Amino acid sequence: MDVIFFAIFIALFAALFGFLGFLGYKKTKTAEDYYVAGRSMGPIVVAFSYGATFISAVALIGFSGIASIYGHSVLWLAFLNIFVGIFIAFIVYGFRTRKMGLSLQAVTLPEMLGNRFNSKRIQSVSGLIIAIFMIAYTSAVFLAISSLFQVTFGIPYEICVVIFTVVVGIYLVVGGLYAVMWTHAIQGILMLVGMLILTIGIYSMLGGVGPAHEAAAALTPEILESIGTPAATQAPNGLTSMPPFLSQPFMMVLTIIFGVGIGVLAQPQLIVRYLSAKSEKALRRAIPYGGIFILLMTFTAFSVGPLCNVLMVNAPTYSAALTEPLMYPGTPDKVLPLVVTEFFPEWFVFLFLFAVLSAAMSTASALFHSAGASIGRDVCEKGLMKDCSEKKSLKITRIATLVIVFATLIISLNPPDYVAILTSFFFGLMAVTFLAPYTLMLYWKKTSRIGVWTGMLGGFLFTMGWYVLVYFKTAPQIIGSSLISEYIWNMLDPLFIGVPLSFLLTILFSLIMKQDAEEIKTMKKAFENI
């Protein structure tokens, strides 16, 4: 029965996405249509597409699971998601990005950098970095959704990954950004409905907001240890309090919060949403819609995570079908799927699957689109080829997208440990590599080509070196052990050092190696509408 239900479920999604992919294919006539949806999107579609791209199954499944371990301290990430991810992102970056993108006739972040500093090499190298490391984040998205389906239906993880990858790959390659953004509007509504019902349902089961949080606060390390959850050691001050200052759990929470909370500003797949808006008015009107969407999605996901422990510990109280507490399912990515499956009626399990699959598909399609555009347009068309026609450009990008899809599939079949860690890695790497050049490109007219090269590569190389030699999650797997034994340093996200370093290098070398005549010309063109 579960297999039949699973087949019907996937068929419905494939049919919906296939139809929207077909509509996108009919609408896509030019390269600009494929990359930025003809710069024609209104405020609601921009807001929902931005939000659905930003808040994926990683937030709903991965970060709710992380919150079940580290407690409500993760809610600080919800604050940064709204304040930095919406208000600062749109007001400080969005408006200028759209204006400069129009002036430079750019449709991707690498193309903006390349055109702004009159360098195809900057564009190509930027595109290559984005494409390669975006695969890691996309694999995290598929790990999250496949974990849910594995717990719910008992379908092997590998089969889930293959099916989801194929479905997303097909409708994206066919329909381009039109299909992506239209599906995001539908997916965003499903995500909102599913998460609101989930949150209301859990708080209702636990007697309301106050009693629910009191029950979470009452869970001692001994009680948490009885169900095998890492929260027994990772939430020493309780699930409703921050861990002790500078303790190992505190450093872990700090890494997750700032890696994603600050890293959002330099995400290529989100920057494209600014460029797709039909007007500055549409972009401005998207801010409140996006803020409400992000608030509801992140607050609900991060709030219910710690409460899952209450339900698991007291399982017989909340479910007549259970006679003993539920044990921790092995990884944080499986905590929320387990709770939904055991404590909610079948109709809601179906709705929740739709919501989380919508979140996964929306983010995955955006990532595939950005990675494919980075390879097809930024690396191949603009970097390696000359006099490439628009038709050939689209063909190259579609082929590149298929290659990215296949590479993601291979990595997803052998996934790393935690979804949230992969996400933090990608967001942090993008911030350290691109945030300084991107920010200074928009605001400082004296930024030079050499300054951008040093800031971008300096930040990137520092971050990769930190992950290889120091970071506690990656260094032991690569070189055997971290070169720094003190956890305050080896648990520190490289973003805290890498972003200031990248800004310093970009500014310093821009002052030393000033712009040439061609750079000054393109700079004036870039700022003509600002």
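**Exercise 1. Contact order and overall make-up**

Among contacts in the protein chain between residues at least 6 apart in sequence, what percentage join residues at least 24 apart?

*Solution.*
Step 1. The model is predicted. Start with its confidence: the mean pLDDT of the chain is 81. A pLDDT of 70 or more is reached by 83% of the residues.
Step 2. Take the contacts between residues at least 6 apart in sequence; of these, 83% join residues at least 24 apart.
Step 3. Add the secondary structure. The chain has 24 helices and 0 strands.
Step 4. Add the surface. Of the 530 residues, 61% count as buried. The accessible surface comes to about 19200 Å², and carbon and sulfur atoms hold 68% of that.

**Exercise 2. Confidence by element**

State which element has the lowest mean pLDDT and which has the highest.

*Solution.*
Step 1. The lowest mean belongs to helix 2 (residues 31–36), at 62.
Step 2. The highest belongs to helix 23, at 94. Helix 23 spans residues 495–512.

**Exercise 3. The largest nonpolar core**

Describe the largest nonpolar core: its residue count, its best-connected members and its sources.

*Solution.*
Step 1. The core has 151 residues.
Step 2. The members with the most contacts inside the core are Tyr50, Phe54, Phe90, Leu198, Tyr274, Phe352 and Phe434.
Step 3. Helix 17 (residues 346–384) supplies the largest share, 16 residues.
Step 4. Check the domains. Domain 1 (3–415) and domain 2 (425–530) each give at least three residues to this core.
Step 5. Set this beside a general trend: in soluble globular proteins, nonpolar side chains tend to be buried together.

**Exercise 4. Leu198 and Phe348**

Leave aside neighbours within four places in sequence. Which residues are in contact with Leu198, and which with Phe348?

*Solution.*
Step 1. Leu198 is in contact with Val304, Leu336, Val340, Phe344, Phe348 and Phe352.
Step 2. Locate Phe348. This residue lies in helix 17.
Step 3. Classify Phe348. Its relative accessible area is 1%, so Phe348 is buried.
Step 4. List the contacts of Phe348: Gly194, Ile197, Leu198 and Val340.
Step 5. Check one pair. Phe348 and Ile197 are 151 residues apart along the chain, and their C-alpha atoms are separated by 8.4 Å.

**Exercise 5. Helix 5 and the residue after it**

Where does helix 5 bend, and by about how many degrees? Is Gln105 buried or exposed?

*Solution.*
Step 1. Helix 5 covers residues 75–104 and bends at Phe90, by about 50°. Phe90 is also among the core residues with the most contacts inside the core.
Step 2. Move past the helix end. Gln105 sits in the loop between helix 5 and helix 6 (109–116).
Step 3. Read the backbone. Gln105 has a positive phi of about 55°, although it is not a glycine.
Step 4. Compare with the general rule. Most residues other than glycine have a negative phi.
Step 5. Classify Gln105. It counts as exposed because its relative accessibility is 59%.

**Exercise 6. A second positive phi**

What is the phi of Leu246, and where does this residue lie?

*Solution.*
Step 1. The phi of Leu246 is near 65°, a positive value in a residue other than glycine.
Step 2. Leu246 lies in the loop between helix 11 and helix 12 (248–261).
Step 3. The relative accessible area of Leu246 is 31%, so this residue is partly exposed.

**Exercise 7. A loop residue, Thr229**

Is Thr229 buried or exposed? What does it touch?

*Solution.*
Step 1. Thr229 is in the loop between helix 10 (221–226) and helix 11 (231–234).
Step 2. Its relative accessibility is 4%. The cut-off for buried is under 20%, so Thr229 counts as buried.
Step 3. Leave out residues up to four places away in sequence. Thr229 then touches Ser68, Leu224, Asn309 and Tyr328.

**Exercise 8. Two valines**

Give the location, burial class and contacts of Val499 and Val125.

*Solution.*
Step 1. Val499 is in helix 23. Its relative accessible area is 12%, so Val499 is buried.
Step 2. Beyond four places in sequence, Val499 is in contact with Ala431, Val432, Leu435 and Pro494. Val499 and Val432 are 67 residues apart in sequence and 4.7 Å apart, C-alpha to C-alpha.
Step 3. Val125 is in helix 7 (residues 120–153). Its relative accessible area is 29%, so Val125 is partly exposed.
Step 4. Beyond four places in sequence, Val125 is in contact with Trp453, Met456 and Leu457. Val125 and Trp453 are 328 residues apart along the chain, with their C-alpha atoms separated by 9.8 Å.

Terms used
Residues are numbered from 1 along each chain as its sequence is written. This is a predicted model: local features need pLDDT of at least 70, side-chain atom pairs count only at pLDDT 80 or more; totals for chains, interfaces and linings use all residues. Side-chain values use heavy atoms; hydrogens and water are left out. Helices (H or I, at least four residues) and strands (E, at least two) are DSSP runs, numbered from the N terminus. Buried means under 20% relative accessible area, exposed over 50%, partly exposed in between (1.4 Å probe, protein chains only). Contact means heavy atoms within 4.5 Å. Accessible areas come from the Shrake-Rupley method with a 1.4 Å probe; for residues, only the protein chains shown count as cover. The bend at a residue is the angle between axes fitted to the seven residues ending there and the seven starting there. A nonpolar core is a set of buried Ala, Val, Leu, Ile, Met, Phe, Trp, Tyr and Cys residues joined through side-chain atoms within 4.5 Å. Domain bounds come from an automatic or database domain assignment. pLDDT is the predictor's confidence in each residue, from 0 to 100.
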